[in-house]
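Trainee: Please take me slowly through one part of this model: the contact between the domains. I am new to this, so explain the words as you go.

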Amino acid sequence: MKKLGKQTLQLDNKPSILNTASIVGPKEMNGPLAKYFDKCVEDEFWGEASWEKAESKFIKETVSTALGKADISSQDVDYVFAGDLLNQCISSSFGIRDSNMPFFGLFGACSTFVEGLCLGSVFMDSGACKNILCATSSHFCSAEKQFRFPLELGNQRTPTSQWTVTGSGAAVLGKRDSGPYITHITPGMIVDLGIKDANNMGAAMAPAALSTLCAHFEDTGRAPDYYDAIITGDLGYLGKEILIDLAKTKGYDIASNYNDCGVLIFDKKKQDTHSGGSGCACIATVFSGYLYKMMLEGNIKKLLLIATGALTNSTTSQQGESIPGIAHAVSIEM
Amino acid sequence: MNPTDSPKEYNEYVTKKAPSSPILKDCFNAFWVGGLICCIGQLIFFYCKYKGLDQTSSSTIVSICLIALAVFLSAINVFNRIGKFAGAGSLIPITGFANSIVSPAMEYKSEGYVMGVGAKMFTVAGPVLVYGISASVIVGLIACFFI
């Protein structure tokens, strides 16, 4: 493992992503990426008594699907890195509690999936681990309940608001002679440019994505065109446009090979999702379902995956604080 | 000038870039749906009067009917759709107030009837009650001493 520049680590024993799994809810099932997910669940409760229990079930089932697809048992998993949006990361801990795997609970808001991939690949690079599991989940209903208003309240959403993805994504890291490999990680810094509107997370997080993007290019000496695809987590339509603009001011033209998972997962017009998808499961399901398959099929050979997170809660927004953003990047190559 | 230079410049840039709400359309929908709700209330009122009730009893029955209707529509997952379409049109009449109490009660049922439904029922309507009642006390005192 080698440190490059200020933020990036280059991994020598590149861990391979053995397999991935993704399970999504009803809205995602009607979205453009439906056919790429392992399972779509029609009932938001998934037969449980509460949305919180349903979210735990999402992560639990996704983890077991991922292990099944990678053909390893939970005994072979050295550590799990998982997180979600609910207070104290209860979806992950409740979802993992019966599986007897050593567990790290992470909170990086919607950046948690790539935060897990970063930490997991460093553990793998140490040479001491055989398999690492990274997973995240989010649920539209439990997120609305915790961060916004009751679902049945008859209010209007602003055009910049985003729709939390219901679902879970998981990736199993291991050693193998074929890719996709995680080759570099660039953990990001917290960036806050004073956006206070909790209904405009894309604008709040875009500067953090810019910071990590620039750091990655500076540290590795790579340019945007090195990658077949640069994908951010959940900046949505507005955040995507902002990032393209901001990158241009730093001399990087990413317009041709850049997209955002929040833009990919829903059909904005048909599904009325305003600025697009968000949540820990946004990048987790889009990567585990769609992007990973694109890499195996050879459509994407070099991918820069940047998960973005808004490090805020409802107390800080009620107290008038601005929204600090963060973004973590991993470079995944065949 | 670069938008990321300072929070002020970034906020100005974002405000310019962000799509704005369709205010004319929202106002129009709020106007006609709100008006329709009031017309329904007025029809109930006329019917009560026609049946021989006095002014006060008729007004009370209008409120009861509209609240019951809003609660029913909230319970069957319809009121939030009306609210999404009509905004203030369904929020301002007494229907909005009913919805704001029923929706958290439904949402927090999973935390039990005491700490869930009971404690959280007024999370949305609470401020309206506190400041509505406070204002009426002040107005009442003024009326009592000066008029």
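Mentor: Let's start with the word "contact": two residues are in contact if their C-beta atoms, placed from the backbone, lie within 7 Å. This is a predicted model, where local features need pLDDT (the predictor's confidence in each residue, from 0 to 100) of at least 70 and side-chain atom pairs count only at pLDDT 80 or more, while totals for chains, interfaces and linings use all residues. Residues are numbered from 1 along each chain as its sequence is written, and chains are lettered from A and ligands numbered from 1 in the order in which they are written.

Now to your part. Chain A is divided into domain 1, residues 2-174, and domain 2, residues 182-333; such bounds come from an automatic or database domain assignment. Taken over C-alpha atoms, the centres of these two domains of chain A are 17 Å apart. Where they touch, 57 residues of domain 1 of chain A are in contact with 58 residues of domain 2 of chain A.

Which elements of domain 1 of chain A each supply at least two residues to the side that touches domain 2? In chain A they are the strands β2 (8-10), β3 (16-24), β7 (132-138), β8 (163-164) and β9 (167-174), together with the helices α1 (26-29), α4 and α5 (140-147). Here helices (H or I, at least four residues) and strands (E, at least two) are DSSP runs, numbered from the N terminus. Among these elements, α4(A) makes the largest contribution to that side of domain 1 of chain A, with seven residues. By chemistry, the same side divides into 25 nonpolar, 25 polar and seven charged residues. In this sorting, Ala, Val, Leu, Ile, Met, Phe, Trp, Tyr, Cys and Pro count as nonpolar, Asp, Glu, Lys and Arg as charged, and the others, Gly among them, as polar.

Since α4(A) gives the largest share of that side, let's look at this helix itself. It runs over residues 112-125 of chain A, and at 1.5 Å a residue its 14 residues should span 20 Å; the end C-alpha atoms are 20 Å apart, which agrees. (The expected span is 1.5 Å times one less than the number of residues.) Eleven of the 14 residues of α4(A) are buried, so the helix is mostly covered. A residue is buried if 20 or more other C-beta atoms lie within 10 Å of its own, exposed if 12 or fewer, and partly exposed in between. The buried residues of α4(A) include A:F113, A:V114, A:L117 and A:M124, and also A:E115 and A:D125. After the helix comes A:G127, whose phi is positive, near 90°.

Next, find the stretch of chain A between β9 and β10 (181-186), a loop that holds A:P180. Look at the peptide bond from A:G179 to A:P180: this bond is cis, with omega near 0°.

Two spots in other loops of chain A deserve a glance as well. A:W46, in the loop between β4 (39-40) and α2 (51-70), is not a glycine, yet its phi is positive, near 45°. A:W46 counts as partly exposed because it has 19 C-beta neighbours inside 10 Å. A:D71, in the loop between α2 and β5 (79-83) of chain A, also has a positive phi without being a glycine, this time near 60°. With 10 C-beta neighbours inside 10 Å, A:D71 counts as exposed.

Now move along to the loop between α7 and β12 (258-260) of chain A, where you will find A:Y252. Is this residue buried or exposed? A:Y252 counts as buried, because it has 20 C-beta neighbours inside 10 Å. Setting aside neighbours within four places in sequence, A:Y252 is in contact with A:L213, A:F217, A:P224 and A:A247. The C-alpha atoms of A:Y252 and A:T212 are 13 Å apart, although their positions lie 40 residues apart along the chain.

Finally, chain A also meets a partner chain: 26 of its residues are in contact with 32 residues of chain B. Two elements of chain A, α6 (201-220) and α7 (236-249), give two or more residues each to the side that touches chain B, and α7(A) gives the most, five residues. That side of chain A has 14 nonpolar, nine polar and three charged residues. As for scores, the model has ipTM 0.91 and pTM 0.94.
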